[in-house]
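Thanks for coming, everyone. Please take a look at the structure on the screen, and then we'll go through its contacts.

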Protein chains: 2
Amino acid sequence: MRSSQRLRLTVAYDGTGFRGWQLQPAPHRTVQGELEAVVARLAGRPVRVHGSGRTDTGVHARGQVAHVDWPDDRPPGDLRWSMNAVLPDDVRVLEARPAPPGFHARSSSTGKEYRYFIWNAKAVPPELRHIRTWEPRRLDPQAMREAAVLLVGTRDFAAFSANPQREVSGTVRTLHRLEVRGRGPEVCLVAKGDGFLYKMVRSLAGFLLRVGRGERRPEDGPRILAGGVRTAEVPTAEARGLFLWKVLYGPSRRQA
Amino acid sequence: MRSSQRLRLTVAYDGTGFRGWQLQPAPHRTVQGELEAVVARLAGRPVRVHGSGRTDTGVHARGQVAHVDWPDDRPPGDLRWSMNAVLPDDVRVLEARPAPPGFHARSSSTGKEYRYFIWNAKAVPPELRHIRTWEPRRLDPQAMREAAVLLVGTRDFAAFSANPQREVSGTVRTLHRLEVRGRGPEVCLVAKGDGFLYKMVRSLAGFLLRVGRGERRPEDGPRILAGGVRTAEVPTAEARGLFLWKVLYGPSRRQA
């Protein structure tokens with residue numbers, strides 16, 4: 001009987017050319033699909049790659065995490081190098097190392113950090129067009145900061161999710177941090193929490209953009225949260241500005 | 001008789017999908033070709049777009065400048081907006097305004113600023129793969145700074161150009177500034193001068209990268225300059241890291 005070894009991969013990708021993370025039938029390119037094809041080629045047999053969670057079409061990652069059970073106790077010496085030599089250039093394995101016993105990319109995770117990048121000027125520099133959300137109207141970052149503070153904490157975020165009925169673990173999450181960095185042209189939203197509902201970061205970004213444009217006030221956030229249902233007041237901001245920045249595996253900050 | 005009006009355009013582009021700035025026969029996409037097609041469409045007749053100079057295949061721009069004689073004394077109200085509505089998304093007109101009398105994008109220019117971006121880490125984040133030069137070996141920015149300082153000034157840069165025989169105005173140029181910014185992963189070279197020979201910035205970058213890797217010493221720069229001929233000691237760094245950042249039209253710093 002062959003033994004296998006569980007490995008942990010840190011993966012970055014440009015989401016522009018992918019129909020998201022999760023495997024889909026051909027002809028749709030997905031990040032999971034590309035990784036599984038490369039692992040199968042190197043391992044000599046099909047092997048599942050388990051991500052920490054999905055990302056949608058057009059969403060990018062700097063620090064997605066996945067685990068894989070390598071069907072042999074001796075994976076290639078420098079697996080990161082071997083995988084990058086074969087992977088298409090819009091996906092890179094940044095790290096590949098043995099995982100601690102029982103490690104699971106999704107269920108061991110204690111939280112995530114997303115970053116949402118906005119370019120606030122008359123035009124987006126063309127080389128950044130796939131990785132910045134364009135906002136031509138002048139944003140008020142101070143109002144956005146005031147609004148962000150009012151959304152931090154343990155709350156029912158149903159009003160900031162796209163499909164609350166489908167959330168198997170309910171709609172209460174802890175948003176540890178929601179920061180608005182920069183004053184333009186580049187504005188970056190940093191969202192860190194114990195978990196995020198479907199399209200929650202893009203909904204938070206959509207609301208903060210409205211506040212920045214003066215269409216909503218910071219105090220509207222708590223009122224919308226309390227309403228508990230998604231309404232047209234909260235638009236979903238574009239995918240292109242969003243990066244899954246980091247998956248957290250330390251002790252949960254809730255317990256800290 | 002119709003009058004015309006000379007306009008000055010500031011243009012940004014992602015050079016990845018272009019065979020450089022200068023118009024070429026089909027099927028080659030060029031930035032000048034795209035701009036002339038759009039101007040012809042808006043003006044109703046063919047109009048030449050004159051750039052400040054060429055950029056090579058794969059080289060980007062944040063601040064290329066061009067002039068155009070609009071064949072009418074009344075160009076569209078918001079020409080920038082009209083052009084961007086029709087241009088492909090890898091070119092943007094950042095500004096369009098009436099040019100002062102006698103303005104010529106190339107011959108009125110008193111200098112240029114280029115920036116060369118290096119990503120010094122085990123892998124380039126995939127969304128930056130077309131706009132950063134990857135350097136996996138650890139660079140020594142201090143040595144690069146020492147080397148850069150020794151190259152600044154009015155000198156014969158023939159040894160740092162690709163085709164010195166073809167330079168109609170000789171090979172002496174004034175490099176006002178050559179800076180090495182950052183310590184990694186992102187390192188940015190800033191080169192500002194009264195003019196640059198063919199592939200001069202990429203040659204300076206290629207040499208500084210060698211110094212950063214410890215393959216050459218800072219003092220080798222003046223020796224190579226003095227040699228006056230291009231040798232294999234100076235490699236041409238990749239196009240993808242290079243941006244034409246700004247074209248200068250103020251009074252020349254030589255006279256200041």
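Chain A and chain B bury about 1,700 Å² between them. Carbon and sulfur atoms give 59% of that area. Buried area here is the accessible area, taken with a 1.4 Å probe, that two parts lose on being put together, summed over both. Interface size is often quoted this way, as accessible area lost when the parts come together.

A word on the source. This is a predicted model, where local features need pLDDT of at least 70 and side-chain atom pairs count only at pLDDT 80 or more, while totals for chains, interfaces and linings use all residues. Residues are numbered from 1 along each chain as its sequence is written, chains are lettered from A and ligands numbered from 1 in the order written, and side-chain values use heavy atoms, leaving out hydrogens and water.

Back to the two chains. How many residues of chain A are in contact with chain B? The count is 21 residues of chain A, against 22 residues of chain B. Contact means heavy atoms within 4.5 Å. On the chain A side, Pro126(A), Glu127(A) and Arg129(A) lose the most area to chain B. Together they make up 33% of what that side buries.

Now the charges. Side chains of opposite charge can pair when their charged atoms come close. We call it a salt bridge when a side-chain nitrogen of Lys or Arg is within 4 Å of a carboxyl oxygen of Asp or Glu. Between chain A and chain B there are six salt bridges. In one of them, Glu127(A) meets Arg62(B), at 2.8 Å from N to O. There are also six residue pairs in polar contact across this interface, both residues at pLDDT 80 or more. A polar contact is a pair of N or O atoms within 3.5 Å; within protein, one must be able to donate a hydrogen and the other to accept it, and residues adjacent in sequence count only if both atoms are side-chain atoms.

Which elements of chain A supply the side that touches chain B? Strands β1 (5-13) and β4 (91-98) of chain A each supply at least two residues. The largest share, three residues, comes from β4(A). Strands (E, at least two residues) and helices (H or I, at least four) are DSSP runs, numbered from the N terminus. By class, that side of chain A has 11 nonpolar, one polar and nine charged residues. Nonpolar covers Ala, Val, Leu, Ile, Met, Phe, Trp, Tyr, Cys and Pro; charged covers Asp, Glu, Lys and Arg; the others, Gly among them, are polar.

Look at Arg62(A) next. Its side chain meets Glu127(B) in a salt bridge, 2.8 Å from N to O. This pair crosses between chains: Glu127(B) sits in the loop between β5 (111-119) and β6 (133-134) of chain B, Arg62(A) in strand β3 of chain A. Are these two residues buried or exposed? Both Glu127(B) and Arg62(A) are buried. Buried means under 20% relative accessible area, exposed over 50%, and partly exposed in between, with a 1.4 Å probe and protein chains only.

Now inside chain A. The domain assignment, automatic or from a database, gives domain 1 (5-98) and domain 2 (110-249). Their C-alpha centres lie 27 Å apart. Each domain puts 15 residues into the contact. The two domains bury about 1,200 Å² between them, 58% of it on carbon and sulfur atoms. Arg62(A) turns up again here: with Asp56(A) and His60(A), it supplies 40% of the area that domain 1 buries against domain 2. No other three residues supply more.

The domains share one salt bridge. Asp56(A) pairs with Arg202(A), with the closest N and O atoms 3.8 Å apart. Eight residue pairs are in polar contact between the domains. Strand β3 (residues 60-70) gives the most to the domain 1 side, with six residues. That side has three nonpolar, nine polar and three charged residues.

Last, two more pairs in chain A. Asp69(A) bridges to Arg6(A) at 2.8 Å. Asp69(A) is in strand β3 and Arg6(A) in strand β1, 63 residues apart. Glu215(A) bridges to Arg137(A) at 3.7 Å. Glu215(A) is in the loop between α4 (200-212) and α5 (220-227), and Arg137(A) in the loop between β6 (133-134) and α3 (141-149), so this pair ties together parts 78 residues apart in sequence. Glu215(A) is partly exposed at 31%, and Arg137(A) is partly exposed at 49%.
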